[in-house]
Amino acid sequence: MTSTVLRIRPEAPAEADTIAALTTAAFLHAPHAAHTEALIVNALRRAGALSVSLVAEQGGVLVGHVATSPVLVSDGAPGWRGLGPISVLPEHQRQGIGSALMQAALQALRDQGAAGCMLVGEPGYYQRFGFRHAAQLVYPGIPPAYFMVLPFTDALPSGTVTFHPAFGATA
């Protein structure tokens, strides 16, 4: 990380446009991005479905953001959240900001009493936070290795997972 202090805090209502711009920039050249990530965050916000929405601020500038939202598991297991998108401005990547956002989001979910967290992402990155593939959970259309879970207790649900409808946002 750079020498400027990094501050992780909840997003403020007036920051929605800045968060959208940084999310768009973060995913602009990502090879597997749908380029709808900012639309997803905005749709989650409009739906009141952001369980956690944190920003990373450095030197008075927003440099990162992470969102979580409720997910449904077909077995009816309550309290599960989906993480994503998580965004860091390209010029600030590889400085530990994404990791700091991840740790803060997971702690916020634990503090809220969530059962655990699920995500779609690169296993090599997310396994370091304890995420793993669980064969009893399925997210249709995604290669199984890229759908991972981090339970906060010993209970692990089983079934098909559905993220919030905002994940289909296109406008």
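# Exercises on a predicted model

The side chains of arginine 45 and glutamate 11 make a polar contact of 2.8 Å. The structure is a predicted model, and the exercises below start from this pair.

## Exercise 1. Arginine 45 and its surroundings

Task: place arginine 45 in the fold, classify its exposure and list what it touches.

Solution.

Step 1. Arginine 45 belongs to helix α2, which covers residues 37-46.

Step 2. Its relative accessibility is 21%. Buried requires under 20% and exposed over 50%, so arginine 45 counts as partly exposed.

Step 3. Setting aside residues up to four places away in sequence, arginine 45 touches Glu11, Ala16, Ile19 and Leu50. Glu11 is also the partner in the side-chain polar contact of 2.8 Å.

Step 4. Between arginine 45 and leucine 109 the C-alpha to C-alpha distance is 17 Å, with a sequence separation of 64 residues.

## Exercise 2. The buried residues of helix α2

Task: state which residues of α2 are buried, what covers them, and what follows the helix.

Solution.

Step 1. The buried residues of α2 are Glu37, Ala38, Ile40, Val41, Ala43 and Leu44.

Step 2. In an α-helix there are 3.6 residues a turn, so residues three or four places apart point the same way.

Step 3. The cover over the buried residues of α2 includes α1 (16-27), β3 (61-73) and β4.

Step 4. After α2 comes glycine 48, with a positive phi near 70 degrees.

## Exercise 3. Strand β4 and a cis peptide bond

Task: describe serine 87 and the peptide bond that leads into proline 85.

Solution.

Step 1. Serine 87 is in strand β4, and proline 85 is found in β4 as well.

Step 2. The relative accessibility of serine 87 is 1%, so this residue counts as buried.

Step 3. Beyond its neighbours within four places in sequence, serine 87 is in contact with Leu22, Thr23, Ala26, Phe27, Val63, Gly64, His65 and Leu101. With threonine 23 there is a side-chain to side-chain polar contact of 3.5 Å.

Step 4. The bond from glycine 84 to proline 85 is cis, and its omega is near -5 degrees. Most peptide bonds are trans.

## Exercise 4. Two residues of one loop

Task: for histidine 92 and arginine 94, decide whether each is buried or exposed.

Solution.

Step 1. Histidine 92 lies in the loop between β4 (80-88) and α3 (97-111). Arginine 94 lies in the loop between β4 and α3 too.

Step 2. Histidine 92 has 19% relative accessibility and therefore counts as buried, the cut-off being under 20%.

Step 3. Arginine 94, at 86% relative accessibility, counts as exposed.

Step 4. Histidine 92 touches Gln58, Val63 and Ile97, residues up to four places away in sequence not being counted. The side chain of glutamine 58 makes a polar contact of 3.4 Å with that of histidine 92.

Step 5. The phi of arginine 94 is positive, about 65 degrees, although this residue is not a glycine. Most residues other than glycine have a negative phi.

## Exercise 5. Arginine 7 in strand β1

Task: locate arginine 7, classify its exposure and give its contacts.

Solution.

Step 1. Arginine 7 is part of strand β1, residues 6-10.

Step 2. Its relative accessibility is 47%, so arginine 7 counts as partly exposed.

Step 3. Outside the four places on either side in sequence, arginine 7 is in contact with Val55, Ala56 and Glu57.

Step 4. Leucine 101 is 94 residues from arginine 7 in sequence, and their C-alpha atoms are 9.7 Å apart.

## Exercise 6. The whole chain

Task: summarise the fold, then its compactness, its contacts and its surface.

Solution.

Step 1. The chain contains four helices and eight strands, in the sequence order β-α-α-β-β-β-α-β-α-β-β-β.

Step 2. The radius of gyration is 15 Å, close to the 16 Å that the globule rule gives for 171 residues, so the chain is as compact as a globular protein of that length. The C-alpha trace spans about 45 × 35 × 30 Å along its principal axes.

Step 3. Of the 171 residues, 48% are buried. Among contacts between residues at least 6 apart in sequence, 64% join residues at least 24 apart.

Step 4. The exposed area of the chain is about 8,300 Å², with 57% supplied by carbon and sulfur atoms.

Step 5. There are 9 positive and 10 negative side chains, and the centres of the two sets are 2 Å apart.

Technical notes
Residues numbered from 1 in each chain as written. Predicted model: local features only at pLDDT ≥ 70, side-chain atom pairs only at ≥ 80, totals over all residues. Heavy atoms only, no water. Helix = DSSP H or I, 4+ residues; strand = E, 2+ residues; numbered from the N terminus. Buried < 20%, exposed > 50% of the residue type's maximum accessible area, 1.4 Å probe, protein only. Contact = heavy atoms within 4.5 Å. Polar contact = N/O pair within 3.5 Å; in protein donor to acceptor, adjacent residues only side chain to side chain. Rg over C-alpha atoms; globule rule 2.2 N^0.38 Å. Areas by Shrake-Rupley, 256 points an atom, 1.4 Å probe, with all protein chains shown as cover. Lys, Arg positive; Asp, Glu negative; His and termini not counted. Charge placed at Lys NZ, Arg CZ, Asp CG, Glu CD.
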